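Visitor: I'd like to learn how to read a model like this one, feature by feature. Could you walk me through it?

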Amino acid sequence: MIYTITLNPAIDYVINVDKLIVGAINRSEHEGFYCGGKGINVSTVLKELAVKSIATGLLAGFTGIEIEKALNEKGIENDFVFLESGCSRINVKLRGDEETDINALGPQVSDFDLHLLFKKLENINEGDVLILSGSIPKGVDDNIYAKILSKVYKRGVTTVVDTTGKKLLNTLEFRPFLIKPNINELMETFNTKISSLHDIEKYAIKLQNLGAKNVLISMGDKGAVLFTEDKQVIIENAPKGVAVNTAGAGDSMVAGFIAGYLKSNDYKSALKLAIACGSATAFSEGLCKQNEIMQTLNLIENK
C-alpha cells in the first residue's frame with residue numbers, strides 16, 4: 001500500500017483575474033476551491049492512475065472536515081488525526097498575468113497530536129511506500145520528517161521525501177528511495193545559484209552522497225533530470241503546452257514516478273509518466289485527470 005502524509009493540508013482558493021493590480025479592487029473572472037496539500041495531491045493523482053493509496057496526516061476545524069469530505073467523495077481512502085483546536089489552512093492562489101500565492105501557516109500542533117499520528121504509522125511495513133511532502137504547521141520542528149523515517153527505516157518501507165532545506169537534509173541518513181526538489185528548492189537547500197545542468201548534477205550527487213538513492217530534479221517547462229542509484233543520468237524534456245496552473249505539478253510528478261516505477265520497475269518509464277503527470281497538471285485548471293495524463297504521455301512517447 002502507498003501512504004501519503006500531509007502534515008499541513010489546505011483548501012486552495014484559486015481566483016482568476018485578468019490582471020492583478022496591487023492596492024486596487026480586483027474582480028474575479030472565475031474561481032474554484034481545491035482540497036490539497038502536497039501529500040493529498042499525490043493521492044489524488046494516484047487515484048487518476050488507478051493506484052490505491054491511503055492519505056494521512058493532520059486535519060483541524062471546519063476546513064479539515066471539508067477536506068476529509070472531499071477525499072471521501074473522490075473515493076480516496078484516508079485516515080487523518082483531527083486536532084482539538086484550530087483550522088486547516090485556506091491558501092489563496094491569485095492567477096492573473098502572473099501567479100501570486102498566499103499560503104497560510106496552519107494550526108498549532110501538539111506533541112500529543114504527533115503521538116497519535118505516529119501510532120497510525122505503526123501499520124506501515126515492508127513492501128509499503130511512504131510519501132512525505134509539503135510544509136509543516138506550527139509547533140512542529142524541522143526534524144519531523146526525519147523522526148517519521150526513523151520509525152519505518154528498519155521495516156523495509158520504500159520512502160519518498162518532497163520537501164526542502166533542513167527538513168530534506170535531515171532525512172537523508174535514512175536513505176529515502178526518492179527525493180524530488182525543483183531547481184529553486186535545490187538552490188534554497190544549498191544556498192547557492194544554479195545556472196547549468198553541470199550545477200544540477202553537482203548538487204544532485206551531493207544529495208546522493210548524503211544518503212538519497214534517487215534524485216529527481218524538476219526543471220519546469222524544460223522537463224526533469226533523474227539521477228539514479230545505479231549511476232544513470234536520465235533527462236526527459238517536457239511536452240509543449242500552455243501552462244495554466246503550476247500548483248500541484250510537482251506532486252503530480254511524484255505520483256507519476258511512483259506509479260510508473262511500481263508498474264515497470266524501470267526508471268525511464270517512471271520518468272516519462274512523471275513528466276506526463278506534471279505537465280498535464282500544469283496545462284489544467286486543477287490536478288490532472290486520467291485522460292489528460294494519457295494524452296500528455298502520448299505526446300512524450302511520440303515526439
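Visitor: Let's take pockets. What volume does the second largest pocket have?

Guide: The general idea goes like this: rolling a probe the size of a water molecule over the atoms shows where empty space is left. Keep in mind that we're looking at a predicted model. Here the second largest pocket comes out at about 270 Å³.

Visitor: And which elements give two or more residues to its lining?

Guide: Three helices do: α8 (249-264), α9 (267-282) and α10 (290-301). The lining has 14 residues, and the closest to the pocket's centre are Ala259, Gly260, Lys263, Leu273 and Leu297.

Visitor: On to the sheet. In what order do the strands run?

Guide: Follow the pairing from one strand to the next. You get β5-β4-β1-β8-β9-β10-β11-β12-β13, an open sheet of nine strands with mixed pairing. At the edges sit β5 (77-82) and β13 (233-236), each pairing on one side only.

Visitor: How many bridges join β8 to β9?

Guide: Five, between residues 129-133 of β8 and 158-162 of β9, and the two strands run parallel. For a landmark, find leucine 130, which stands opposite threonine 159 in β9.

Visitor: Which helix lies across β12?

Guide: That's α7 (residues 197-210), at about 40° to β12 (224-227). Helix α7 also lies across β10 (178-179), β11 (214-218) and β13.

Visitor: Now the cores. Which residues have the most contacts inside the largest one?

Guide: Leu130, Ile144 and Ile148, in a nonpolar core of 44 residues. Helix α4 (residues 144-152) gives the largest share, six residues. A second, separate core of 36 residues includes Ile131, Ala259, Ala270 and Cys288. Back in the largest core, take isoleucine 144: leaving aside residues up to four places away in sequence, its contacts are Leu7, Leu114, Phe118 and Ile136.

Visitor: What about a polar side chain: is asparagine 16 buried or exposed?

Guide: Go by relative accessibility, where under 20% counts as buried. Asparagine 16 is at 11%, so it counts as buried. This residue lies in strand β2 (residues 10-16). Beyond residues up to four places away in sequence, asparagine 16 touches Ser28, Glu29, His30, Arg95 and Glu285.

Visitor: And where does leucine 116 lie?

Guide: In helix α3 (residues 111-120). Its relative accessible area is 31%, so leucine 116 is partly exposed. For a sense of span, its C-alpha atom and that of alanine 243 are separated by 40 Å, with the two residues 127 apart along the chain.

How values were computed: Residues numbered from 1 in each chain as written. Predicted model: local features only at pLDDT ≥ 70, side-chain atom pairs only at ≥ 80, totals over all residues. Heavy atoms only, no water. Pairing = 2+ DSSP bridges. Helix = DSSP H or I, 4+ residues; strand = E, 2+ residues; numbered from the N terminus. Contact = heavy atoms within 4.5 Å. Axes fitted to C-alpha atoms, helices over the stretch in contact; angles between N-to-C directions. Core = buried A, V, L, I, M, F, W, Y, C linked by side-chain atoms within 4.5 Å. Buried < 20%, exposed > 50% of the residue type's maximum accessible area, 1.4 Å probe, protein only. 1 Å grid on protein atoms, 1.4 Å probe; cavity = no way out; pocket = protein on both sides within 12 Å on 5 of 7 lines; lining within 4 Å. Points joined across faces, edges and corners; volume = space filled by probe spheres on them.
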